[in-house]
Amino acid sequence: MSRQQEKFDLAELEGRVAVITGAGNFGIGWGLAKYAALNLHMHVALIDLHEATVEQAAADLRVMAPDLGILALACDVTSSADLSSALERIDVHFAGKGIGAVFANAGVLFNNSILKSDIEDWETTLNVNVLGVVKTIKAFVPRLQAQAEKSIFCTTASVGGLVRGDGGAASYQASKHAVVALTESLSFEIARKSPQVHVRVLCPCIVSTSLMKSSQLNKSAKNAPASTDVASIKPNEMVLGMTPERHAEQVFDLIADGKFYLVTDNVRPYVDHDFPFDAMNIIAERFDNLKELQLDNADAFKTPAEGYPSSILKGPMFRAQTTIGNKD
Ligand SMILES: NC(=O)c1ccc[n+]([C@@H]2O[C@H](COP(=O)([O-])OP(=O)(O)OC[C@H]3O[C@@H](n4cnc5c(N)ncnc54)[C@H](O)[C@@H]3O)[C@@H](O)[C@H]2O)c1
């Protein structure tokens, strides 16, 4: 067991800076930003594509944490130039404070099968979800390596990056499998040289956010990435989803516990119900298939009465969801 797997005393992050991409629409990134500021007393740099949305999120956080530095940065994570100027602005704004955590969390989701999907959606998905993470690593990891203090570099993949492809969101799942693999690679690459940088991959199950809406909005606004007239989107209220705030609590609990794969299931105490996503069993199915060199696609033959024809969306949470429904 290397130092990469060590427990992390979160108190060491106090007074340092948390950098979070994809933090402008009150989703997972916002939850992490709020937790970092309110619970860990970290200064926060929120990054997102549109100035208006990320400024709004930062303004809300400044009200909650008036004693901390909260910086909003409009930045396209598919642009290395944007990311380096974001780091320059962080250095100037938070001079002498040191970066304690970076979350490469921005992402998009276009829910479609391979045969029905647009190639353009694949390009956007791979650009943002994969190359955006690679570029964020290249921009920020050397800085963390140059610091002697312990820090966290966490990518956001998905539970979809650990399970079998299920035919519903092919480009998304392919991109998230890539994020898991490239984060494992990063951990190996820097393990000996920079053990103070704790590399982690976040694999959320279901968090109530506006990912599908923000993806569509960013797609339609892509020619004006820094536009100021894009309004923030508030998350959907999924009946059984985790709130971004309680999700963040689980993320930091897993980091503190020294985990590498931060699989955040919909379980107590992070939700108030007993219908988990069942991530570990669904992940295990993939590895059982691999051991037999077989793909069990029986889930594709489900009738509508039996639920979604999906190898992923089938645990207690989804069985209950079909009867309880969502508020949008
Ligand atoms: N919500 C879930 O249940 C869930 C589950 C698994 C993984 N995830 C992942 O969590 C991450 C955050 O998503 P979320 O669900 O909180 O939704 P969200 O919409 O709140 O966050 C995604 C953010 O990424 C930003 N973004 C998109 N393209 C960008 C770009 N080129 N540059 C900068 N920012 C960009 C969007 O504007 C948006 O604010 C994503 O990577 C997503 O794939 C979410």
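Reader: Quick start: buried means under 20% relative accessible area, exposed means over 50%, and partly exposed is what lies in between. Which of these is Lys 135?

Author: Hi! This is a predicted model, and in it Lys 135 is partly exposed, because its relative accessible area is 23%, a value between 20% and 50%. Lys 135 sits in helix α4.

Reader: What does Lys 135 touch, leaving aside neighbours within four places in sequence?

Author: Its contacts are Val 77, Thr 78, Ser 79, Ser 80 and Leu 83. As for a far-off residue, Met 317 is 182 residues away from Lys 135 in sequence, and the two C-alpha atoms are 35 Å apart in space.

Reader: Thanks! Zooming out, how many helices and strands are in the chain?

Author: The chain has 9 helices and 7 strands. Its radius of gyration is 19 Å, close to the 20 Å from the globule rule for 328 residues, so the chain is as compact as a globular protein of that length. Along the principal axes, the C-alpha atoms fill a box of roughly 60 × 50 × 40 Å.

Reader: And what share of the residues is buried?

Author: Buried residues account for 52% of the 328. The chain exposes about 14,700 Å², with carbon and sulfur atoms supplying 55% of that area. On contacts, take those between residues at least 6 apart in sequence: 76% of them join residues at least 24 apart.

Reader: Nice. Which residues have the most contacts inside the largest nonpolar core?

Author: Those are Val 19, Ile 90, Ile 99, Phe 140, Phe 153 and Phe 277, in a core of 54 residues. Helix α4 gives the largest share of this core, 8 residues. Apart from it lies another core, of 38 residues, including Trp 30, Ala 37, Ala 57 and Ile 255.

Reader: Let's pick Ile 99. What is it in contact with, beyond four places in sequence?

Author: Ile 99 contacts Arg 16, Val 17, Val 19, Leu 87, Ile 90, Phe 140, Arg 143, Leu 144, Gln 147 and Ser 151. Gln 147 is in the loop between α4 and β5, and with 10% relative accessibility it counts as buried. Beyond four places in sequence, Gln 147 touches Arg 16, Gly 98, Ile 99 and Gln 196.

Reader: Changing topic to α2: which of its residues are buried?

Author: Thr 53, Val 54, Ala 57, Ala 58 and Leu 61 are the buried ones in α2. Down the helix axis they fall within an arc of 130°, so they line one face. They pack against α1, β2 and β3.

Reader: How far apart are the end C-alpha atoms of α2?

Author: They are 20 Å apart, and that agrees with the 20 Å expected for its 14 residues at 1.5 Å a residue.

Reader: You mentioned β2. Is Ile 47 in that strand buried or exposed?

Author: Ile 47, which is in β2, is buried, because its relative accessible area is 0%. Among the residues it touches are Val 19, Ala 23, Val 54, Leu 73 and Cys 75.

Reader: Cool. Over to α8: which of its residues are buried?

Author: Ala 279, Ile 282, Ile 283 and Asn 289. Their arc seen down the axis is within 110°, so these too line one face of the helix. The face turned away from that buried side carries exposed Met 280, Lys 291 and Glu 292. Strand β7 is included in what covers the buried residues.

Reader: What about the backbone just after α8?

Author: Leu 293 comes there, with a positive phi of about 55°. It is exposed, at 78% relative accessible area. His 41 also has a phi near 55°; it lies in the loop between α1 and β2 and is partly exposed at 39%.

Reader: Why would you single those out?

Author: Because most residues other than glycine have a negative phi. Likewise, most peptide bonds are trans.

Reader: Then where is there a cis peptide bond?

Author: Between Arg 268 and Pro 269, with omega about 0°. Pro 269 is in the loop between β7 and α8.

Technical notes. Residues are numbered from 1 along each chain as its sequence is written. This is a predicted model: local features need pLDDT of at least 70, side-chain atom pairs count only at pLDDT 80 or more; totals for chains, interfaces and linings use all residues. Side-chain values use heavy atoms; hydrogens and water are left out. Helices (H or I, at least four residues) and strands (E, at least two) are DSSP runs, numbered from the N terminus. The expected span of a helix is 1.5 Å times one less than its number of residues. Buried means under 20% relative accessible area, exposed over 50%, partly exposed in between (1.4 Å probe, protein chains only). The arc is that of the directions from the helix axis to the C-beta atoms. Contact means heavy atoms within 4.5 Å. A nonpolar core is a set of buried Ala, Val, Leu, Ile, Met, Phe, Trp, Tyr and Cys residues joined through side-chain atoms within 4.5 Å. The radius of gyration is taken over C-alpha atoms; the globule rule is 2.2 Å times the number of residues to the power 0.38. Accessible areas come from the Shrake-Rupley method with a 1.4 Å probe; for residues, only the protein chains shown count as cover.
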